[in-house]
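I wanted to see how the strands sit together in this one, and where the helices lie on them. Here are my notes from going through it.

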Amino acid sequence: MQDEKVVLDSMSMQRALTRITYEIIEKNKGVGNLILIGIKTRGVYLADRIANRLKKLENTDVPVIKLDITKYRDDQQSVGKAGNVAENTVDITNKNVILVDDVLYTGRTVRAALAAINEIGRPKRINLAVLVDRGHRELPIRADFVGKNIPSSKQETIKVLVSEIDNRDGVEIKQP
């Protein structure tokens with residue numbers, strides 16, 4: 001039996017995404033040259049939420065690209081069995097890209113995402129935004145924008161819940 005502990009409830013998750021949004025605006029001095037790329041699946045929903053907040057704050061639509069990194073994974077058996085890398089692609093050349101994911105762990109997902117981005121263009125700069133950074137990096141990758149740092153053991157599982165899929169928002173940590 002696994003014990004589940006809520007680390008972020010719905011309101012805490014909203015606050016974390018709002019804080020990330022303000023940090024993105026500040027670091028990029030606005031949103032004029034900005035594109036969000038969400039890593040499927042939950043990263044896309046988080047990128048959409050950040051884009052909605054940017055629209056409310058800056059009155060500008062920021063494009064969101066949905067990125068499928070399946071064929072770039074080096075740590076899963078299903079390597080090479082993917083279709084298009086990106087949906088609703090816009091030109092990212094010389095743009096400031098914010099790569100969005102739910103959890104940063106070993107860094108392998110981000111490495112795969114960077115390889116996938118090379119297939120769709122060459123941005124001016126790429127920053128990483130994650131809702132949760134749990135540590136245990138295997139690659140020299142760090143997030144520029146973090147909703148919450150959650151120290152965890154490798155045996156624990158971090159689960160990000162989004163209402164679009166899970167019918168509720170939150171972050172849980174599961175003990176083995």
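I started at A129, and in this predicted model A129 stands opposite F145 of strand 7. The two strands here are strand 6 (residues 125–133) and strand 7; they run parallel, and I find four bridges joining them.

Next I looked up the sheet they belong to. Six strands make an open sheet, ordered 4-3-2-5-6-7, with mixed pairing. Which strands stand at the edges? Strand 4 (86–87) and strand 7 (145–149) do, and each has a single partner strand, so one side of each has no neighbour in the sheet.

Then the helices. I see helix 1 lying across strand 2 (34–39), strand 5 (96–104), strand 6 and strand 7, at about 150 degrees to strand 7. Helix 2 (residues 42–58) packs on the sheet too, touching strand 2, strand 3 (64–67), strand 5 and strand 6. Its direction makes about 155 degrees with that of strand 2.

Helix 1 turned up again at another set of strands. Helix 1 (residues 10–28) lies across strand 1, strand 8 and strand 9, running at about 45 degrees to strand 1.

So I checked those strands as well. They form an open sheet of three in the order 1-9-8, paired antiparallel. Strand 1 (3–8) and strand 8 (157–161) are at the edges with a single partner strand each, which means one side of each is left without a neighbour in the sheet. I noted an average twist of 30 degrees from one strand to the next.

Last entry: strand 1 and strand 9 (residues 170–175) run antiparallel and are joined by five bridges. I found K5 opposite I173 of strand 9.

How values were computed:
Residues numbered from 1 in each chain as written. Predicted model: local features only at pLDDT ≥ 70, side-chain atom pairs only at ≥ 80, totals over all residues. Heavy atoms only, no water. Pairing = 2+ DSSP bridges. Axes fitted to C-alpha atoms, helices over the stretch in contact; angles between N-to-C directions. Contact = heavy atoms within 4.5 Å.
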